[in-house]
Amino acid sequence: MTRFHNKSVLVTGGSSGIGLAAAKAFAAEGARVVVTGRDAAALEEARSALGPNAIAIRNDAGSVAAARELAEAIGSANIKLDAVFINAGAAKFAPLTDVDEALWDLSFNTNVKGAYFQIQALLPLLNPGASIVINGSINAHIGMPGSSVYAASKAALISLAKTLSSELLPRGVRVNVVSPGPVQTPLYGKLGMDAATLEATAAQILKQIPLGRFGTPEEIATTVLHLSSPESAFIVGTEIIADGGMSQL
């Protein structure tokens, strides 16, 4: 399929996991893809995998200044965007008694403040009919122990998407959310847990998924592309949950 032929797409946090899977899926359907990330080596690998038309920009998703710099870089390249996947995020889990201000600030600066001001900075670059998809999480809904800060940041994102969808619709811009359940990505190695705790947590989570497995980045990317394409033109301000049935228990 070539749903994104002659279209330009931005994927933040596009050098690994769900972001990279989405970027590859966009590129496979003809899009010129811009990806961001903080790891220069991973970004270069992603750019190479995405083909000669791809652009990789090192960027800190938690910085308002960086959000504006990214918009300026895209604008300087004379790129107008048809779709944006706000995917970059931070996931650190800890029980309430262990949460400190640094963990709170990392989560909210990256997941909420950075995302909000990135969308604001990109507004002049969005073509009429453009779609913004925000990466949420089922943690905003299920009350998982140890996820209070992360879940709160994702709940804030989902709320923002509903408001921004109304505010931006007169511009011809749609905003929606995809909220993944447990997905096997490198993110699970960055939760701030030691190996034994991580393994035990993953085993416990697996028991709560009716499908009996973790999702794949490619499965989430499919939903991102659907929400980004004209075929979903009647979907506005909606959250699609892709969690293998976990949140239905």
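**Exercise 1.** In this predicted model, classify Arg47 as buried, partly exposed or exposed, and state which residue pairs with Arg47 in a salt bridge.

*Solution.*
Step 1. The relative accessible area of Arg47 is 29%. Buried requires a value under 20% and exposed a value over 50%, so Arg47 is partly exposed.
Step 2. The salt-bridge partner of Arg47 is Glu44, with 2.8 Å between the closest N and O atoms.
Step 3. Both residues sit in helix 2 (residues 40–50), three residues apart, which means a separation of about one helical turn.
Step 4. Glu44 has 41% relative accessibility and is also partly exposed.

**Exercise 2.** Determine which parts of the chain the salt bridge between Arg3 and Glu29 ties together.

*Solution.*
Step 1. The side chains of Arg3 and Glu29 meet at 2.8 Å, N to O.
Step 2. Arg3 belongs to the segment before strand 1 (8–11), and Glu29 to the loop between helix 1 (17–28) and strand 2 (32–37); the pair therefore joins parts 26 residues apart in sequence.
Step 3. With 10% relative accessibility, Glu29 is buried.
Step 4. Arg3 and Glu29 also belong to a salt-bridge network with Glu231.

**Exercise 3.** Describe the surroundings of Thr110 in helix 4.

*Solution.*
Step 1. Helix 4 spans residues 101–122 and includes Thr110.
Step 2. Thr110 has 13% relative accessibility; this is under 20%, so Thr110 is buried.
Step 3. A polar atom of the Thr110 side chain lies 2.9 Å from the backbone oxygen of Leu106.
Step 4. Beyond neighbours within four places in sequence, the contacts of Thr110 include Ala61, Gly62, Ala88 and Asp105.

Methods. Residues are numbered from 1 along each chain as its sequence is written. This is a predicted model: local features need pLDDT of at least 70, side-chain atom pairs count only at pLDDT 80 or more; totals for chains, interfaces and linings use all residues. Side-chain values use heavy atoms; hydrogens and water are left out. Helices (H or I, at least four residues) and strands (E, at least two) are DSSP runs, numbered from the N terminus. Buried means under 20% relative accessible area, exposed over 50%, partly exposed in between (1.4 Å probe, protein chains only). A polar contact is a pair of N or O atoms within 3.5 Å; within protein, one must be able to donate a hydrogen and the other to accept it, and residues adjacent in sequence count only if both atoms are side-chain atoms. Contact means heavy atoms within 4.5 Å. A salt bridge is a side-chain nitrogen of Lys or Arg within 4 Å of a carboxyl oxygen of Asp or Glu.
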